[in-house]
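Reader: I am new to reading structures. Could we go through one together, asking how each label is earned?

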Amino acid sequence: MKKKKFETNAIRIQTPTTDEREHSTPLYMTSSFVFDSAEQARALFAREVEGNVYSRYSNPNTDEFISKICSMEGAESGVATSSGMAAVFSSLASLLDQGDHILAARSLFGSTHQILSQILPRWGINFTYADVYDTGSWESLIQDNTRVLFLETPSNPGLDLIDLEWAGTLAKKHGLIYMVDNCFATPYLQRPMEYGCDVIIHSATKFIDGQGRAIGGIIAGKERYIEEVAFFTRNTGPALSPFNAWLFSKSLETLSVRMDRHCDNAETLADYLADHPKVNRVKYPFHKDHPQLELAKKQMKRGGGVVCFEIQGGYDKAKNFIDKTKMLSRSANLGDTRSIVTHPASTTHSKLTDEERQAVGITPGLIRIAVGLEAAEDILTDVEQALKA
Ligand SMILES: *Cc1c(COP(=O)(O)O)cnc(C)c1O
């Protein structure tokens with residue numbers, strides 16, 4: 001049979017229907033499953049046969065969500081988690097041992113930075129940061145005990161990119177497990193598995209849910225790694241709720257349509273901001289002012305739903321802009337239908353030192369807009385009046 005397209009799989013991969021012949025997958029809100037016989041229970045526990053036992057291990061809703069993501073990412077298997085951070089932590093904690101070392105790109109999500117710098121070192125797992133704009137130095141930072149190459153592209157909030165193909169070659173040459181947090185791009189815009197990635201991580205809370213309703217995450221990738229991750233999560237318990245899995249699975253049906261609209265609106269906003277006299281610089285992967293435009297076009301389908309800009313006048317002016325917005329939501333989330341404005345230096349990245357923020361371009365005047373699905377004209381009107389005020 002001809003292989004189905006991305007958009008079709010996002011819709012048509014479904015749990016088999018029940019005797020009710022429902023069209024849309026029902027919610028399996030159950031903690032456990034019933035055995036036909038003692039023998040069946042034994043066989044299920046021995047994993048001689050496939051089937052659900054307990055929702056910490058598996059559930060039809062989480063399975064459907066995992067199957068969809070795997071198809072979209074081109075991954076062999078996956079594990080759903082209760083949050084994006086549970087996905088980051090579980091994958092690192094399950095694949096690394098005491099004494100191992102992680103090489104990570106410096107621009108990372110705030111809590112990922114905390115896991116690397118405050119939590120994993122307590123178990124003897126250490127890390128080194130590599131600079132996104134000094135890729136020539138990365139190879140020299142690999143140690144004998146380096147086991148993982150971890151990166152985010154585009155990064156949050158700086159929207160810096162890393163060449164996925166180049167990083168894949170480096171990881172392969174040194175036998176490193178290649179891990180990518182693909183949250184900002186989503187599999188619709190970027191598929192790291194095509195560049196040799198071993199393990200992909202998502203915060204499903206963002207564009208996958210897309211409507212600001214639920215927290216969740218997923219780890220997907222090559223079977224031999226996911227097997228170890230699954231052993232860890234089955235026993236330590238960061239399981240995704242069936243209800244949230246049901247929401248995410250429905251949301252994936254519209255991912256491509258929503259992402260195209262997020263990208264349309266973000267492009268319009270980036271063009272507007274780039275020409276504004278009160279804006280020092282705008283950052284958007286597909287904007288002509290982005291220093292890595294070529295790379296963006298090579299590895300991404302479009303630029304994504306987040307735009308950053310630096311307002312003239314630093315923190316005070318940034319605060320003023322945020323307070324003067326009328327429609328944009330003041331929130332720390334992203335990937336919602338509603339446009340959201342965030343000041344990274346004082347919120348999501350406030351735990352970093354000044355030098356750490358400087359190194360990843362989070363200046364006091366930097367503003368992040370997670371562009372929603374409202375009419376572009378209304379988003380521009382609000383931004384325009386807030387810049388004027
Ligand atoms: C939000 C986010 C996370 C964390 O996800 P949660 O669902 O909030 O735990 C991890 N990585 C990136 C890039 C994110 O934006």
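Author: What follows goes through the ligand, the pockets, a cavity and a few backbone features of this model, which is predicted.

Reader: What makes Gly 84 one of the residues around the ligand?

Author: Distance. A residue counts if one of its heavy atoms lies within 4 Å of the ligand. An oxygen atom of the ligand is 2.9 Å from a polar backbone atom of Gly 84. That value is within 4 Å, so Gly 84 belongs to the shell. The shell has 13 residues, and Gly 84, Asp 181, Ser 203, Thr 205 and Lys 206 come nearest.

Reader: Why is the pair between Asp 181 and the ligand called a polar contact?

Author: The cut-off for two N or O atoms is 3.5 Å. A polar side-chain atom of Asp 181 lies 2.7 Å from a nitrogen atom of the ligand. The distance is within the cut-off, so the name fits. The ligand also meets the backbone of Met 85: one of its oxygen atoms is 2.9 Å from a polar atom there.

Reader: How much of the ligand does the protein bury?

Author: The protein buries 92% of the 380 Å² that the ligand exposes when taken alone.

Reader: What makes a residue of the shell nonpolar, polar or charged?

Author: Its type decides. Asp and Lys count as charged, so Asp 181 and Lys 206 fall in that class. Gly counts as polar, so Gly 84 goes there. The whole shell has 4 nonpolar, 6 polar and 3 charged residues.

Reader: How do you know which pocket the ligand sits in?

Author: More than half of its atoms must lie within 2 Å of the pocket's grid points. The ligand sits in the second largest pocket, so that condition is met there. This pocket has a volume of about 320 Å³. Its lining has 23 residues, and Met 85, Phe 109, Ser 203, Thr 205 and Lys 206 lie nearest the centre. Helix 4 (84-95) and strand 6 (199-203) each supply at least two lining residues. By class, the lining has 10 nonpolar, 9 polar and 4 charged residues.

Reader: Which residues lie closest to the centre of the largest pocket, and how much space is in it?

Author: The largest pocket holds about 1,000 Å³ of space. Of its 32 lining residues, Arg 47, Tyr 57, Ser 58, Asp 63 and Arg 234 are closest to the centre. Helix 8 (223-236) is among the elements that supply at least two lining residues. Helix 8 gives the most, with 8 residues. The lining divides into 14 nonpolar, 10 polar and 8 charged residues.

Reader: Why is another space called a cavity and not a pocket?

Author: A pocket is open, whereas in a cavity the probe fits but cannot get out. The largest cavity has about 90 Å³ of space, and the name tells you that a probe is shut in there. The search finds 2 cavities of 30 Å³ or more. Residues lining the largest cavity include Arg 106, His 113, Tyr 129, Asn 156 and Glu 356. Its lining has 5 nonpolar, 4 polar and 2 charged residues.

Reader: Which peptide bonds are cis, and where are their prolines?

Author: The bond from Thr 153 to Pro 154 is cis, with omega near -5°. The bond from Asn 156 to Pro 157 is cis too, with omega near 0°. Pro 154 is in the loop between strand 4 (146-152) and helix 6 (164-173). Pro 157 is also found between strand 4 and helix 6.

Reader: What makes Arg 21 worth a mention?

Author: Its phi is positive, about 60°, although Arg 21 is not a glycine. Arg 21 lies in the loop between helix 1 (6-12) and helix 2.

Technical notes:
Residues are numbered from 1 along each chain as its sequence is written. This is a predicted model: local features need pLDDT of at least 70, side-chain atom pairs count only at pLDDT 80 or more; totals for chains, interfaces and linings use all residues. Side-chain values use heavy atoms; hydrogens and water are left out. A polar contact is a pair of N or O atoms within 3.5 Å; within protein, one must be able to donate a hydrogen and the other to accept it, and residues adjacent in sequence count only if both atoms are side-chain atoms. Accessible areas come from the Shrake-Rupley method with a 1.4 Å probe; for residues, only the protein chains shown count as cover. On a 1 Å grid over the protein atoms alone, a cavity is a set of points where a 1.4 Å probe fits but cannot get out, and a pocket is an open set with protein on both sides within 12 Å along at least five of seven lines; lining residues have an atom within 4 Å of a point. Grid points are joined across faces, edges and corners, and a volume is the space filled by probe spheres set on the points. Helices (H or I, at least four residues) and strands (E, at least two) are DSSP runs, numbered from the N terminus.
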